[in-house]
Structure formats: structure tokens, C-alpha cells
Amino acid sequence: MESCSRSMHKSTKTMIWALLFLFLIHGAHCFYLPGVAPEDFQKGDPLKVKVNKLTSIKTQLPYSYYSLPFCPPKKIVDSAENLGEVLRGDRIENSPYVFKMREPQMCSILCRVTLDAKTAKQFKEKIDDEYRVNIILDNLPLVVPIRRLDQDSPTFYQLGYHVGLKGQYSGSKEEKYFIHNHLAFTVKYHRDLQTDSARIVGFEVKPYSIKHEYEGKWSENTRLTTCDPHTKRTVVNSNTPQEVEANKEIIFTYDVEYLESDVKWASRWDAYLLMSDDQIHWFSIVNSLMIVLFLSGMVAMIMLRTLYRDISKYNELETQEEAQEETGWKLVHGDVFRPPSNSDLLCVYVGTGVQFLGMVLVTMIFAVLGFLSPSNRGGLMIAMLLLWVFMGIFAGYASARLYKMFKGAEWKKIALRTACMFPAIVFAIFFVLNALIWGQKSSGAVPFGTMFALVLLWFGISVPLVFVGGYVGFKKPAIEDPVKTNKIPRQIPEQAWYMHPIFSVLIGGILPFGAVFIELFFILTSIWLNQFYYIFGFLFLVFIILLITCAEITIVLCYFQLCSEDYLWWWRSYLTSGSSALYLFLYATFYFFTKLEITKLVSGLLYFGYMLIASYAFFVLTGTIGFYACFWFTRLIYSSVKID
């Protein structure tokens, strides 16, 4: 009877799971990510054009659109930004542009502005720093199509248009500043033949600088002679550009053209994401993967052969004389599991590394599945923040388990240090950088309210979860060592120069860095040169290779270290793979001087501050991988040999 009810319960459970699965599959057809659902427009429907921050790859300091005296709407309304958008420095507001679906406009006048000395200086500074204006229509960012010189190459898209440009009049050597005051917009749409509704699939612009002219006095009904829809006169070049000088008037105008496109709504981001020369990208990534896989195979083969021979030899010793002649890693079996110095700090770092590993792994999986599309602005930032917070439970668990193995008793102290140390260091650097951004009056400065929200996430969710994980980890029985530890530490013989801790640690970081440095170039380019990064499939592959490489190089160097009778492997294993972070920071420095044109001190400090945070996080992540690989390896080999 009992078995019958159990089987019924089991089949009911299976049925529920099956129904849930079917429901999810059925729901998948009508599921869209927040902010990414398609919108259908009929002819004549108004389109909301929103303005975003002004950005520059020369200063890395974003500013809100209306920080410059552009034409404002009657009332400036802020769009609600999510946490990720605020941290990125996005400031999305409404604009005075009036678009109506599939109704072209020619030479619509926005406003007339007369510059004073202050506003002229502001415009000149932004033109000097190559600031770009970012505008959004139906969640698509505005792009400037740039045709390459060779006809076969695809069109390159630049995000946003430049505020203006510098140049000289012919026959003059004096450099002047010109503003882009006429914008020729192109809205591409995909039409549904049955309903005649359309979806927006592209938003492009060609900016021009033109000194508009008109007859008589200025009024609301003034017709321009340089650009007039009645006489079908349009702006096609910047031969008579609009100069930026005090007391000069600037008339802002725009055209809107609508083009039907074969591109479907689901594929509208493809043009934005195919920005780099993907052939080189593919080749370099595959090349990097092949080299690393080959090295990994070599390492694994050497390890298996050497260890198999060693263990067989040790286990087949017949006489006591032979036993006394033992050399190598078996000699240190009585000291190899002796707790290291600063074991508490090691527990904290290992716990933090587990938290980081969990966050990166889950973020990558979400990104590969397409949940973190660039159309969902700020999504990646929010996902990483929330995952970091919730992974606190694993951090507490990992640090408490290790702490108990080291015969520790005060698990609450370790949990508190794990919960606070890494975030406190990062938050301190972030706070200083934010103060610098505030000083520049940039929109990239994180407001006090958002800072408070971040602290609330940290102390309200992350810290309690670390304590929960620590409690669970400490309650579990301690991990038993495979061999007993001697009471008196064994003396370590003098080591060869190539086995010196600093040398072997620095050597160990080269291979993991080599696995990621090509991908790193593209990531740095997307962050600092204002491009989209959306090759998460590749990144996931590279990340897996990084894990394997970190583990294998640490195991190899740990094996050599134990063979030379040096049993202080705990910290060495962490630092060996963690040293790749040093190479990451050195590469970031090289990238700064060779690829970026940053000249301002504040912008340079921002770059190095953020790269320091990234390198520190990379150190914690790779160090933890190396540590666990060695931890598994030492336990494996010492439990495989007979010890009298």
C-alpha cells in the first residue's frame, strides 16, 4: 500500500513538472524581456524621441544632454532609469523633436539660440573633447553610418553624432569651431503587409553644419533661404558651416526620412553588434583557444605520466633501505597539510573568490542565453550586482568550511570579514572616483540615493547571506586530512633560484593571462571606446579555458614545489594563478598609452581606478581557482600513497 501511494506521489510530481515545462515552452512564444517588447506604429502615430548623455572617449566623463544649450522642450521630463543605467551615467530625457510615423519632414526648425561668451566656451570645450550626442528612438540608439573606403566592406556604425568639429577656412590658418546644427534623420521600418502597421528597425543620422539665413526679422513663421520645404531646398553638405562664437545666432533644424527595410524587428540590433572586423576576431580567438588547449593537453599528459610512475614506485617499495632513500613530494607528507600563516585571511579570500566565480559563471550563462541584450540598457550591471549579493551564501559557506579545517573556532569573525573586506576596498576606491566625477559636474557621478541603495544591498542582503552560509559551513563536520601532520615542522631545504616563490608566482600568471588577453582587448575597447560588446559565446569559452589553465598551471608548479620538499603551498597556490591580475593591469596600462587619447588627469585617474578594481577582482577569481585545484590535487596524491 505504502509503495503504491509512493509511486502515485512520484507520478503526480512528474506530471506537475511536465505541465510546468509545457507551460514554459508555450509561454516562450509570447515572452519578451522588459523594455525589449516590440511596438507597432500606424501611419501618423507620434514617435517619442529621447535624448541621452553626451559621451567622449577622450575624457570618459558623460554629461547630460541639456548641460549644453541645445533646444529644450517646453518641459524637461526625466525617464525612469534603472540602477544599471544610473551606474553607467545614462540620463534619459525627452526632446523637442516631433516625429510622426511614415510622415517625412523637411527642414523643421527646432529653435534659434544666440550664444553668449559662456555658452560658446561650453560648446568649444565639448567639440575639443570630441563629445558625441546620443539620442534614442523606440529603444534604438542613434548611429552615424560611416562607409569604408573599400566598397566591399560593410558600413561601420558610430554611436551618436559629434557635437561639432574643428577646421579652417580655405586660405586661413586660424582654427575655428563649427557646430552640427542640422540633422538629417533616417528612420528605417519593417512593415506588416496585412495590418499596415510598422516596427522601427533602424535609426540613423547625417549631421551637417550650416549657417542658416533668412530674410527680415526673426519670428515663428520665418522661412529659411538656406533650407526650405516649400522650394524643396535641402541641406546636402557643410560648405557654409555654422561657426561657434559669442553673440552669434545658431538655428537648429532637422529632416526626417522614412525608409522601408527588409530587416525584421528581431534582427534590428545586428547592425549595431557587427561593429568590429569579425574575421580577425574569430581568427585570433580560435588561435588563442588552440594554443591554450594544446598547452593544457601537454600539462595533463605530463602530470598523469609523472604521477602514475611516482605513485607506483612509492607503493612498490620492498625494503626498508629503499624507503629511507625516498625523495620528492612523499617526504613532506607530515607537513603538507599544516595550516599556513595568516590562514584566516586565506579563508576570507577563498570565500570571496567563490562568490565572484558564482557571479561570473551565472552572468555568463544568462548572457549566452540572450537575457542581457544591449537593448536592455543597464541589464548587465544589475544582473552582476544582484548575483554578487546573492552569491554571498556560497562565500560564507566556503570560508567557514576552510576555517574549520584549519581548527578555527570563531566562525562569525570570518563571516564578517568575508562579507566586508572585498566590498569595502572596492567601495572605497569607487567612492573616491565618484567624488572626482562629482567635481567635474558630470552625469556619470552616482547620486547619493543610489549610493545608499548599494550600501543597503550590501548590508541588507549580502552580509546576512554570508552569515547564513558561514553557519551552515561551520556546522558541517571538518574536512579530514588524508595524512597526519607532524608536531614539529620539517626544515625546508635551500631551493634553486627558479623555485623561489616570487619567480614561480610570476611565471604562473603568464599562461592564464595569455588565455584571455585577446578577448580582453575587445572588452576594453567596448568599455572605453564606447562600442557594444556582445560576443558572450566566445567569452564563455575563453572563461572555461581560463579556469582550466589556472587550475593546470597551479597544479604543475605546486607539484614541482612539493618535489623540491617545500610544503608551503597554501598561499603559493593562490598567488600563482592570481598573479595573472598583475599582467592584466600592466596590459591595461599599455592599452591606455597606445589606444586611448585621454589627456585629462581626472579621466586618467578614472581609468586606472576602474582597472585597479577589475584587476583586484580578477586576482581574487583566478587565485581561488588555483587554490582549489591545488587543494584537490594534494589531497588526491597524498591519499593515493601508502604511508607507514
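**Across the chain and inside it**

Q: Among contacts in the chain between residues at least 6 apart in sequence, what share joins residues at least 24 apart?
A: First, know what you're looking at: this is a predicted model, where local features need pLDDT of at least 70 and side-chain atom pairs count only at pLDDT 80 or more, while totals for chains, interfaces and linings use all residues. Residues are numbered from 1 along each chain as its sequence is written, and side-chain values use heavy atoms, with hydrogens and water left out. A contact means heavy atoms within 4.5 Å. Of the contacts joining residues at least 6 apart, the share that links residues at least 24 apart is 80%.

Q: Which residues does Ser 296 contact, leaving aside neighbours within four places in sequence?
A: Ser 296 sits in helix H5 (residues 278-315); helices here are DSSP runs of H or I, at least four residues, numbered from the N terminus. Ser 296 and Thr 549 are 253 residues apart in sequence, yet their C-alpha atoms are 6.5 Å apart. With those neighbours set aside, the contacts of Ser 296 are Ile 548 and Glu 552.

Q: Is Ser 296 buried or exposed?
A: Buried means under 20% relative accessible area, exposed means over 50%, and partly exposed is in between (1.4 Å probe, protein chains only). Ser 296 has 9% relative accessibility, so it counts as buried.

Q: How far apart are the end C-alpha atoms of helix H14?
A: H14 covers residues 536-563, which is 28 residues. The expected span is 1.5 Å times one less than the number of residues. That gives 40 Å, and the model agrees, because the end C-alpha atoms are separated by 40 Å.

Q: How many of the 28 residues of H14 are buried?
A: Across the whole chain of 644 residues, buried ones make up 49%. H14 itself is mostly covered, and its buried residues number 20.

Q: Which residues does Met 384 touch, not counting those up to four places away in sequence?
A: Met 384 lies in helix H8 (residues 379-390). With 31% relative accessibility, Met 384 counts as partly exposed. Beyond those sequence neighbours, Met 384 touches Met 359 and Thr 363.

Q: What is the volume of the second largest cavity?
A: On a 1 Å grid over the protein atoms alone, a cavity is a set of points where a 1.4 Å probe fits but cannot get out. Grid points are joined across faces, edges and corners, and a volume is the space filled by probe spheres set on the points. By this rule there are three cavities of 30 Å³ or more. The second largest has a volume of about 70 Å³.

Technical notes. 1 Å grid on protein atoms, 1.4 Å probe; cavity = no way out; pocket = protein on both sides within 12 Å on 5 of 7 lines; lining within 4 Å. Helix = DSSP H or I, 4+ residues; strand = E, 2+ residues; numbered from the N terminus.
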